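The exercises below concern the single protein model shown here. Each task sentence is followed by a solution in steps.

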Amino acid sequence: MTIAIGNDHAGTAYKNEVVKYLEKQGIKVINHGTNSDDSVDYPDFVHPVASDVSNKKADFGIIICGSGNGANMTANKHQDIRSALCWNKEIVALARQHNNANVLSIPARFVSENQAIDFVKVFLETDFEGGRHQNRVDKIACQ
């Protein structure tokens, strides 16, 4: 499995912890994030993640910014991306089960690093249920 990850300055510490976790699991990581706490523009780090997922270079993406909103909005501009802004494990599970989310957006200023790791675990361990949910997912993209 390959995960593309991107973050702005608010998510650097979180990204580093998530990368450590993923690598311990034997998961390949493509790091598009900044490695600094200096202010940067989140789209510069989120667009490459969304492109990797959309182009099948990565199985999933993880994006991290202060509120998670800007990163999430940016990722969802890409065709075939279903990015979900999540702040608890139940929402993470539902995003995978019902929406077939392929990018997880984490709000670094509103969750702990431990919660972020838990979100990643749930995201990667939860399957899309398909069925009636597939019909809905098929209607997401603009024609």
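**Exercise 1. Describe the surroundings of Gly70.**

Solution. Gly70 belongs to helix α3, residues 69–75, where helices are DSSP runs of H or I with at least four residues and strands are runs of E with at least two, both numbered from the N terminus. The model is a predicted one, in which local features need pLDDT of at least 70 and side-chain atom pairs count only at pLDDT 80 or more, while totals for chains, interfaces and linings use all residues. Residues are numbered from 1 along each chain as its sequence is written, and side-chain values use heavy atoms, with hydrogens and water left out.

Next, consider exposure. Gly70 is buried, at a relative accessible area of 11%; the classes are buried under 20%, exposed over 50% and partly exposed in between, with a 1.4 Å probe and protein chains only. Then list the neighbours: leaving aside residues up to four places away in sequence, Gly70 touches Tyr42 and Cys65, a contact being heavy atoms within 4.5 Å. Finally, Ser105 is 35 residues from Gly70 along the chain, and their C-alpha atoms are separated by 9.4 Å.

**Exercise 2. Determine how far apart the C-alpha atoms of Lys24 and Gly66 are.**

Solution. Begin with the location of Lys24, which is in helix α1, residues 12–24. Its relative accessible area of 71% makes Lys24 exposed. Gly66 is 42 residues away from Lys24 along the chain, and the two C-alpha atoms are separated by 25 Å.

**Exercise 3. Establish how many disulfides the structure holds.**

Solution. Apply the criterion, a pair of cysteine sulfur atoms within 2.5 Å. The count is 0. For Cys86, the closest cysteine sulfur is that of Cys65, 13 Å away, so the two are too far apart for a bond. As to burial, Cys86 is buried at 1% relative accessibility, whereas Cys142 is exposed at 71%.

**Exercise 4. Examine the phi values of Lys56 and Asn100.**

Solution. Start from the general expectation: most residues other than glycine have a negative phi. Lys56 has a positive phi, near 65°. Lys56 sits in the loop between α2 (43–54) and β3 (60–65), and is exposed with a relative accessible area of 70%. Asn100 also has a positive phi, near 50°, and is placed in the loop between α4 (89–99) and β5 (103–107).

**Exercise 5. Characterise the overall fold and dimensions of the protein.**

Solution. First, count the elements: the protein has 6 helices and 5 strands. Their order from the N terminus is β-α-β-α-β-α-β-α-β-α-α.

Second, test the dimensions. For 143 residues, a compact globule would have a radius of gyration near 15 Å, and the 14 Å of the protein agrees with this; the radius is taken over C-alpha atoms, and the rule is 2.2 Å times the number of residues to the power 0.38. The C-alpha trace spans about 45 × 30 × 25 Å along its principal axes.

Third, consider packing. Of the 143 residues, 50% are buried. Among contacts with a separation of 6 or more, 67% join residues 24 or more positions apart.

Fourth, inspect the surface. About 7300 Å² is exposed, and carbon and sulfur atoms supply 45% of it; these areas come from the Shrake-Rupley method with a 1.4 Å probe, and for residues only the protein chains shown count as cover.
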